[in-house]
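Here is a short briefing to read alongside the sequence and the 3D view. Could you keep both open while going through the points below?

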Amino acid sequence: MKSSYSRINSYGFCPKKYEYRYVLGIPAPVKPELAFGVSIHETLEHNFIQKIDSRKDLPVGDLALFFRTTLDGRLSVVPEEYLRGPSDPHYLRALGEHFLDRFMQDRAPSLQPAVRGVECSFRLPLPNDHELTGQFDLLDTEWVLHDFKTSNKPYDPKRADRMQLVIYSWACERMFGRVPSALCFDVFVKGDGAEGEAGLQAPILFPAPTAADMGTVAQRLAGLLDRLGEAETRHDFPRSFDPPRCHWCEYQPRCQKEWELEGQPRPRKISLGSLQN
Ligand code: SF4
């Protein structure tokens, strides 16, 4: 089975969402949060790709313009009713420009991307004929692998997804011949009102996993993909939540309509941990 880690995670989050997205291939309306996060990523990528050769960052004003154009293009397909409050386009533009300004002053000057080190797509062979695909954001010339994240709240390093860290390290080793010296999450915190300010969190660094970690994770991933294949065969896609509460989900209107037609079945959570047993 060919899969990505985000696809596997999506089943652990809500199997019904997994079904809509990956089994039925139903396109979801773009939400402003996604448009914002992707636009920040694309703007940083735009800077770092040219920096491989130029060894200089682009002026912040150029990047702000690139960001605005990218964001406006992505928001143009977002349904009007989603563009309110903290998702108002004017607010998102100002927030993104603030993030970029901070990042380009505080972080970018010390980051020199490695050759082929920007937006690296990878494929990892797994036991049982499975394959995992994915992408990491940046490998710098100090061999630090960076993942850019936009988040509502500050990121808690204690809750880091170890499996994701191992996958990135392993991908780095396959692509560049060695594991990274460290992994770094660069987190843009949007703030959710109650939790305080929007801003750039201090870099969160993790040591690179060991070769033994990689072997363990490869086995776990192959086991998960076996179970996912079985779930697909059984057509086992329960809802993890009551749809009226899932305001963040792109499929909520469709899911809620179907849920009501099906007599409002109770939600049933399936954790990824339970799939491995
Ligand atoms: S609306 Fe809720 S239950 Fe339905 S697919 Fe989305 S996350 Fe799952």
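What follows is a tour by topic, from the ligand site to the cores and then to single residues.

Please keep in mind that this is a predicted model. The ligand sits in the largest cavity, and nine named residues are taken up under the first heading along with one lysine from that group. The largest nonpolar core has 42 residues, and another core, of 24 residues, lies apart from it.

**Around the ligand**

- The shell around the ligand is made up of C14, K16, K17, R239, F241, C246, C249, Q252 and C255.
- By type, these shell residues divide into 5 nonpolar, 1 polar and 3 charged.
- Helices α2 and α8 (252–261) each supply at least two residues of the shell.
- K16, one of the shell residues, has its place in helix α2, which spans residues 15–23.
- With a relative accessible area of 10%, K16 falls under the 20% cut-off and is therefore buried.
- Beyond its neighbours up to four places away in sequence, K16 touches F237, P238, R239 and C255. Of these contacts, R239 and C255 are also found around the ligand.

**The nonpolar cores**

- Within the largest nonpolar core, the residues that touch the most other members are I8, Y11, F136, I167 and L221.
- At least two residues of this core come from each of α1 (5–13), β2 (113–126), β3 (130–140), α6 (162–176), β5 (182–189), β7 (204–207), α7 (211–234) and α9 (272–275).
- Helix α6 gives the most to this core, with 9 residues.
- L221 is in contact with Y5, I8, L126, L132, M163 and I167, leaving out residues up to four places away in sequence.
- The other core, which lies apart from the largest one, includes F67, L71, L111 and V118.

**Helix α1**

- The buried residues of α1 are Y5, R7, I8, S10, Y11 and G12.
- They pack against β1 (2–4), α2, β3, α6, α7 and α9.
- Two of these buried residues, I8 and Y11, are among those that touch the most other members of the largest nonpolar core.

**L83 and P89**

- L83 is found in the loop between α4 (60–75) and α5 (89–106), while P89 has its place in helix α5.
- L83 has a relative accessibility of 14%, which is under 20%, so L83 counts as buried.
- P89, at 17% relative accessibility, is also under 20% and therefore counts as buried.
- Setting aside neighbours within four places in sequence, L83 is in contact with P32, L75, V78, D88 and P89.
- P89 touches L75 and L83, again not counting residues up to four places away in sequence.
- From C-alpha to C-alpha, L83 and K31 are 8.8 Å apart in space, although 52 residues separate them in sequence.
- P89 and L126 are 37 residues apart in sequence, and their C-alpha atoms are 42 Å apart in space.

**Positive phi angles**

- E119 is not a glycine, yet it has a positive phi of about 45°.
- E119 lies in strand β2, and with a relative accessible area of 16% it is under the 20% cut-off, so it is buried.
- H235, another residue other than glycine, has a positive phi near 60°.
- H235 is found in the loop between α7 and α8.

Terms used:
Residues numbered from 1 in each chain as written. Predicted model: local features only at pLDDT ≥ 70, side-chain atom pairs only at ≥ 80, totals over all residues. Heavy atoms only, no water. Helix = DSSP H or I, 4+ residues; strand = E, 2+ residues; numbered from the N terminus. Buried < 20%, exposed > 50% of the residue type's maximum accessible area, 1.4 Å probe, protein only. Contact = heavy atoms within 4.5 Å. Core = buried A, V, L, I, M, F, W, Y, C linked by side-chain atoms within 4.5 Å. Near = heavy atom within 4 Å. 1 Å grid on protein atoms, 1.4 Å probe; cavity = no way out; pocket = protein on both sides within 12 Å on 5 of 7 lines; lining within 4 Å. Sits in = over half its atoms within 2 Å of the grid points. Nonpolar A, V, L, I, M, F, W, Y, C, P; charged D, E, K, R; others polar.
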